[in-house]
Amino acid sequence: MSSAPEQETVEDGPLAPPAVIRPGSPTPLGARYRTAPDGVAGTNFALWAGGAEAVEVCLFDDEERETRHPLTELTHEIWHGFLPGVRPGQRYGYRVHGRWDPWSGARWNPAKLLLDPYARAVDGDFGTCTERVGAGRALPAQLYGHVRDWPEQRVADTVRDDRDSAPYVPKGVVVADGTGEEGDDGGDDEWRDDRRPKTPWPDSVLYELHVRGFTMRHPGIPEHLRGTYAGLAHPAALEHLVRLGITAVELLPVHQFAHEDHLVRRGLRNYWGYNSIGYFAPHAGYAATGTRGQQVGEFKRMVRALHDAGIEVILDVVYNHTAEAGERGPTLSLRGIDNRGYYRLAGDARRYADYTGCGNTLHVVQPNVLRLITDSLRYWVTEMGVDGFRFDLAAALARSLHDVDMLSPFLAVIAQDPVLRRVKLIAEPWDVGSGGYQVGAFPPLWTEWNDRYRDTVRDFWRGAQRDVRDLGYRLSGSSDLYAWGGRRPYASVNFITAHDGFTLRDLVTYEHKRNADNGESNRDGTHDNRSWNCGTEGETDEPAVTALRRRQLRNLLTTLLLSTGVPMLVAGDEMGRTQHGNNNAYCQDNTTSWLDWSLLDDPHWRPLADLAARLIALRRAHPVLRRRAFFSGRPQRRGGLRDLAWFTAGGTEMTEKDWYAPGATLGMYLSGNDIAQRDARGIRVVDDSFFAVLHADPHPRPVALPGAPWAASYELLLDTAREEQPVAGAPGPRHPAGCTVTVPGRTVMLFRAVPG
């Protein structure tokens, strides 16, 4: 079935060949500028398109005039050719010819210009060109391989659209290393001496941020650099990160991404970026210097600036699906290259198997897809300098035929890859398919976002936990989830908030989401917020409520940064950022999402940032707070104390019965003299010992400090009931061992155990 408007059509079959085209090489994939053995400079184009009948590489000049060159060489399903004279900065795309038979999964359509999946830079943006639909706008119908507006919508995706999409499609850009020309990626000279921080996992503190949102409102960043990679590299941005003390930024997606049609129709844009279409290209919309390859060099300079500040760069990557969505989505790249080769198809091959909730799922079991992903990962490590990855919906990548399989090809390849196995690997250990929840199941080498930690800590501080059993596990590294197969406590990324969901401030301000601005009648976003508004819904000036909310924020931050594992903060949580109750701000590219830096000048919120920095510094100074091995609960040497001990409010050690008893108070003793760890010289690590009291009940409670042999006295270091904390390093109040202190309601107290 094929029918389409006749204007702007593209005929089937390759055009006449150019005067000169050489066979070139099937490797490497993509467009690579090089000099041939006879001294002729040009670009080699190579594209895997397994079932295609013909492939054309299409070059575009500055007036958008197109020249097509058939790639007549086919090696191992890779179409390739060398075009002399094609230099860095040249814009290009592909047209791929083949059968149109959606019922068998074949969706080739040469009318559609396709983005090279290996393009290292992209000029343009899907969604900047829109068409009027009724009273609003939409993505151009020409972007779709099928007739989007076919009268009989039930079969619309089966009717081929023969209109040319080239005027509406961003183009790939030929990029070369260190050429000094347009398309130069930044050069090798300034990159060669980059030094990676290589922060060990136990010492890491992650900071999830959005390149655009972090910099858009920063008064110290020049206006023309705000929202860009260069803005994040600016000293004003780095100063805050260094002062806070974090060791790694976890950047929300920076792969080239597209905006969904349903957002464009509502006058919105995809802000988070979880809609990738180019796995090698830095998102052009975040570049200040240009989009003809300059964005590559700008990204590298950002990485170098962060490295010089001692900060690692971790990318949030979306290899589970692409921006082409389901069968009614646009044809932008992989669908038009080889739909059956790249995507998981349903039993009815016209449809897609969707384990992601985004309409499609990449078929990672296919060798060419696995190659695309691993080539992309290696590129970002070896050529772009990044230090690790957080894999969105990682369970979808671990599926073999259907089920999640921890021996899947993807995980096996990562485990043996000499480059990738050495970087930081973080799994979001779930997807939306059957059996997709896999927290605690990923193999060694992998660290996981631990949503059990998030839920337990939220529930504890809102008073929704019956007892403290689960809290004990979460504070001490979640050994119930990760103490197997040689895994360590740093397999757990501890977090209370993330980009999706309430901000930390909103977590204590709202019990109900307020997502109306997303245009979905407040249906989107989770209903399971596990939040408590402290008695009043929304913002208020009532002093008792606002004071309690700030105390709860101090409790949450303190709990996070005293817990064993790898803590992750979300940018702005340390200064009281709010999204006004929106718990799914994925389409809010505006002040709802952008950090309000004026909060640091607010006397109500500056102390929170100071507390976060102080807790991170405390963690950095004390190895007992960043353990490399799980606690045993036993003495580590003759005459020693247990490395971890739990206490009741009465000062006695917890019994099995105590763990099951209703209550909201827990004492945790960390023995710095009983750490099962040696330093690089083989010397036993010794540290201070600490006693923390976490009390979530609203009423004050007497708490007995452990007596001998745990300590002779206790020095108070932190008290979250106080707006301002004692000066760091100054002696705190001393309490003799065995005495009783009154802990205010909803408070954390941290003591240093002073030996006799």
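Here are a few numbered points on the barrel and the empty spaces in this structure, which is a predicted model.

1. A good place to start is the barrel. Eight strands close into it, and their pairing is parallel. Going round, the order is β14-β15-β18-β19-β20-β21-β22-β23. On average, neighbouring strands of this sheet are turned by 25° against each other, with direction ignored.

2. To see one of these pairings in detail, look at β18, residues 312-317, and β19, residues 388-391. These two strands run in the parallel sense and are joined over four bridges. If you would like a residue to click on, try Leu 315, whose bridge partner in β19 is Phe 389.

3. Next, find helix α5, which spans residues 294-308. Helix α5 lies across two of the strands, β15 (248-251) and β18, and runs at about 130° to β18.

4. Now for the spaces. Rolling a probe the size of a water molecule over the atoms shows where empty space is left. How many cavities of 30 Å³ or more does the count give? There are eight cavities of that kind.

5. The largest cavity holds about 150 Å³ of space. Its lining is made up of 15 residues, and those nearest its centre are His 210, Tyr 271, Val 570, Arg 577 and Ser 593. Strand β14 (206-209), which belongs to the barrel, supplies at least two residues of this lining, as does helix α1 (211-215). By class, the lining of the largest cavity has eight nonpolar, five polar and two charged residues.

6. The second largest cavity has about 80 Å³ of space. Among the residues that line this cavity are Arg 458, Trp 461, Arg 462, Arg 530, Trp 532 and Gln 552. Two helices, α10 (451-461) and α14 (543-562), are the elements that give two or more residues to the lining. Here the lining of the second largest cavity divides into five nonpolar, two polar and three charged residues.

7. Finally, there is an open space worth a visit: the second largest pocket, with a volume of about 520 Å³. Which residues come closest to its centre? Of the 23 that line the second largest pocket, they are Trp 201, Arg 421, Arg 422, Val 423 and Lys 424. The lining of this pocket counts 11 nonpolar, three polar and nine charged residues.

Technical notes. Residues are numbered from 1 along each chain as its sequence is written. This is a predicted model: local features need pLDDT of at least 70, side-chain atom pairs count only at pLDDT 80 or more; totals for chains, interfaces and linings use all residues. Side-chain values use heavy atoms; hydrogens and water are left out. On a 1 Å grid over the protein atoms alone, a cavity is a set of points where a 1.4 Å probe fits but cannot get out, and a pocket is an open set with protein on both sides within 12 Å along at least five of seven lines; lining residues have an atom within 4 Å of a point. Grid points are joined across faces, edges and corners, and a volume is the space filled by probe spheres set on the points. Ala, Val, Leu, Ile, Met, Phe, Trp, Tyr, Cys and Pro count as nonpolar, Asp, Glu, Lys and Arg as charged, and the others, Gly among them, as polar. Two strands pair if DSSP finds at least two bridges between them. Axes are lines fitted to C-alpha atoms, for helices over the stretch in contact, and angles run from 0 to 180 degrees between N-to-C directions. Contact means heavy atoms within 4.5 Å.
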